[in-house]
Amino acid sequence: MKANEKTNVMRVLDGRKIAYESHSYEADPTLSGEQIAGILGEDPDKVFKTLVTQGKSGAYYVFVVPVKEELDLKKAAKACGEKAVAMIKQKDLLPLTGYVHGGCSPIGMKKQFKTFIHKTAAGHDKYRVYG
């Protein structure tokens, strides 16, 4: 992303007059969330990743979890009332959400999906948009 380029989430926040500070980095699917947090000088305990899944029913669900953790698919399925959920394929992320791997936000997706945010996110007083 170019420094002056707006992402979907920025457009949503602008439209709602919500102040934000954006930071850019080159999306690299080989980097972990913890590595990206380090590149950006952020505490990995305060950085979250956005994961998109598909339930057995065909419905899509978004999960926002700490970068240090893996999504427990069984717990995720239970949370959204599905028999099972699976991560979507990386190639399907952009057409479905409008975001690339490593730059996906739960805000500003092409369609609105039921979103689950990890309970530890409630304890933060500031959120940053990365992409």
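Here is a short walk through the model, one selection at a time.

Before you click, know that this is a predicted model, where local features need pLDDT of at least 70, side-chain atom pairs count only at pLDDT 80 or more, and totals for chains, interfaces and linings use all residues. Residues are numbered from 1 along each chain as its sequence is written, and side-chain values use heavy atoms, with hydrogens and water left out.

**Stop 1: helix α1**

Select residues 8-15, which make up helix α1. Helices here are DSSP runs of H or I with at least four residues, strands are runs of E with at least two, and both are numbered from the N terminus. Now colour Val9, Met10 and Leu13, which are buried (under 20% relative accessible area; exposed is over 50%, and partly exposed is in between, using a 1.4 Å probe and protein chains only). These three cover an arc of only 100 degrees around the axis, so they sit on the same side of α1; the arc is that of the directions from the helix axis to the C-beta atoms. An α-helix has 3.6 residues a turn, so residues three or four places apart point the same way.

Step just past α1 to Lys17, which takes a positive phi of about 55 degrees.

While you're here, show Lys6 and Asp14. They form a salt bridge, with the closest N and O atoms 2.6 Å apart (the rule: a side-chain nitrogen of Lys or Arg within 4 Å of a carboxyl oxygen of Asp or Glu). Lys6 is partly exposed at 37% relative accessibility, and Asp14 is partly exposed too, at 32%.

**Stop 2: strand β2 and its neighbours**

Next, select residues 48-55 for strand β2. Six of its eight residues are buried, so β2 is largely enclosed by the rest of the structure.

Which way does β3 run relative to β2, parallel or antiparallel? The two are antiparallel, joined by seven bridges; strands count as paired if DSSP finds at least two bridges between them. To see one partnership, pick Thr50 and its bridge partner in β3, Val64. The hairpin of β2 and β3 has four residues between the strands, and Gly58 there takes a positive phi near 100 degrees.

Then add strand β4, residues 85-87, which pairs with β2 in the antiparallel sense over three bridges. Look for Thr53 opposite Met87 of β4.

**Stop 3: the aromatic cluster**

Show the rings of Tyr61, Phe63 and Phe116, which form one aromatic cluster. Rings of Phe, Tyr and Trp (its six-membered ring) pair if their centres lie within 6.5 Å; planes under 30 degrees apart count as stacked, over 60 as edge-to-face and the rest as tilted. By this rule there are three aromatic pairs.

Tyr61 and Phe116 make a tilted pair, 6.5 Å centre to centre with 50 degrees between the planes. Tyr61 lies in strand β3 (residues 60-66) and Phe116 in strand β5 (residues 114-117), so this pair ties together parts 55 residues apart in sequence. Tyr61 and Phe116 are both buried.

Swap to Phe63 and Phe116: their centres are 5.0 Å apart and their planes at 15 degrees, so this pair is stacked. Here, too, β3 is linked to β5, with the residues 53 apart. Phe63 is buried, at 4% relative accessible area.

**Stop 4: the other salt bridges**

How many salt bridges does the structure hold? It holds three, including the Lys6 and Asp14 one you have already visited.

Select Lys68 and Asp45, which meet at 3.0 Å, N to O. Lys68 is in the loop between β3 and α3 (73-80), Asp45 is in the loop between α2 (33-39) and β2, and they are 23 residues apart.

Finish at Lys91 and Asp92, whose closest N and O atoms are 3.4 Å apart. Lys91 is exposed at 63% relative accessible area, while Asp92 is partly exposed at 31%.
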